[in-house]
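Subject: The structure to look at

Hello,

Here is the structure I promised to pass on to you. Please open it next to this note, and I will go through what turned up.

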Amino acid sequence: LNSTAFSHPPCFLLVGIPGLEKEQFWIAFPFCLMYGIALLGNITLLLLIRAEPSLHEPMYLFLAMLAFTDLVLSTATLPKMLGIFWLGLREIGFPSCLTQMFFIHAFSTVESGVLMAMALDRYVAICCPLWHSSILSGPVVGALGSLVLVRGVLLVSPTCFLLRRRHFCQHHVIPHSYCEHMALVKLACGDTRANVIYGLFVAFLVSGADLALISVSYAMILRVVTRLPSREARLKAFNTCTSHLCVILAFYIPALFTFLTHRFGQGIPHHIHIMVANLYLLVPPTLNPIVYGVRTKKLWDRVVIL
């Protein structure tokens, strides 16, 4: 047999949630509702921040970046996922699959970077309030956003090039709801160590560096907050930090669970792993506009006026 005959299958078949094929039809309803909330919430945030000059501050500009990232992440996966669950549209072309994989991983990396930038913004606002506007000026916020985006694109692009060079023999069924790097690597035949090692390197570099900076920022914030003389000021600072930490945990806990399960979690039932992997791309985009919109007084006032 010619080895290139099956080098790239014309399309892959996405299973959805392995083991829950019969229940998928009903699982799609809450997923669709969450996607609707994510679209409505994040588009509203973007329009509010764009239209209101008083919201052109670092915190809200980073929030706009987060809303845009969430829209890309959820839209890269949900419409196709609903097509699988409701209409049985399981086929996805090889180029489309790589494109979906690129957007999912690049923008997950961007989301991690934006959360790190937001933690940095909170640290400067609480620990050096007098310097806040000069340290995080408009150009600096723009440069940070561009840097986070470029980092995501540069780190994830090689995974697509490495996969394009792989042969897939006759394996074309992906036991997942979307095209994910490790799920595709497992279908490739031959030596895939380069893909696995590079994937691990990117995951540890991104989550390791970002989580370390977020942890240091919040440790220093807590130290300053506990020393504030007024109880009201302490409560206000704690309130802001709590909503940020909720968002950070909602993103990183499922992300790390999904990443570690792919490599070391052979004992975890496959449907639980895929379910968490789906929620990891859906819960943060749904939760972020609710947490920030409701808990940020300035934003909530704007929503009420609207």
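R151 and D210 form a salt bridge, with their closest N and O atoms 2.8 Å apart. R151 belongs to helix α5 and D210 to helix α7, so this pair ties together parts that are 59 residues apart in sequence. The two partners sit in unlike surroundings: R151 counts as partly exposed at 22% relative accessibility, while D210 counts as buried at 1%. Please keep in mind that this is a predicted model.

The structure holds three salt bridges. Another one joins the side chains of D121 and R122, at 3.0 Å from N to O. D121 is buried, with a relative accessible area of 1%, and R122 is buried as well, at 10%. There is also a salt bridge between D191 and R193, whose closest N and O atoms are 2.9 Å apart. Here D191 is partly exposed at 43% relative accessibility, and R193 is exposed at 58%.

Back to helix α5, the home of R151. This helix runs over residues 138-164, and its 27 residues reach 39 Å from the first C-alpha to the last, close to the 39 Å expected at 1.5 Å a residue. Its buried residues include V141, L144, V148, L155 and L163. What do the buried residues of α5 pack against? They pack against α2 (58-87), α3 (94-127), α6 (181-185) and α7 (193-226).

D121 comes up again in the contacts of H132. Leaving out residues up to four places away in sequence, H132 touches P58, D121, V124 and A125. H132 is placed in helix α4, residues 132-135, and is buried with a relative accessible area of 16%.

Next, helix α1. Its 28 residues reach 40 Å from the first C-alpha to the last, close to the 40 Å expected at 1.5 Å a residue. Among the buried residues in α1 are Q24, I27, F31, Y35, L45 and I49.

The loop between β1 (11-14) and α1 holds V15, which counts as buried at 13% relative accessibility. Beyond its neighbours within four places in sequence, V15 is in contact with E21, Q24, I84, R90, V173, I174, P175 and H176. V15 and T258 are 243 residues apart in sequence, and their C-alpha atoms are 17 Å apart in space.

On the outside, have a look at the nonpolar surface patch of about 560 Å², made by L33, I37, I290, V294, W300 and V304. The elements that give two or more residues to this patch are α1 (24-51), α10 (283-295) and α11 (297-305). V304 is found in helix α11 and is exposed, with a relative accessible area of 56%.

Lastly, a word on confidence. The chain has an average pLDDT of 86, and 96% of the residues score at least 70. Over residues 1-6 pLDDT stays under 50, and the model has six contacts for this stretch beyond four places in sequence. Where pLDDT is low, the predicted coordinates should not be read in detail.

Happy browsing, and best wishes!

Terms used
Residues numbered from 1 in each chain as written. Predicted model: local features only at pLDDT ≥ 70, side-chain atom pairs only at ≥ 80, totals over all residues. Heavy atoms only, no water. Patch = residues over 30% accessible without salt bridge, like charges linked within 9 Å, V, L, I, M, F, W, Y side chains within 5 Å. Areas by Shrake-Rupley, 256 points an atom, 1.4 Å probe, with all protein chains shown as cover. Salt bridge = Lys/Arg side-chain N within 4 Å of Asp/Glu carboxyl O. Helix = DSSP H or I, 4+ residues; strand = E, 2+ residues; numbered from the N terminus. Buried < 20%, exposed > 50% of the residue type's maximum accessible area, 1.4 Å probe, protein only. Contact = heavy atoms within 4.5 Å. Expected span 1.5 Å × (residues − 1). pLDDT = per-residue confidence, 0-100.
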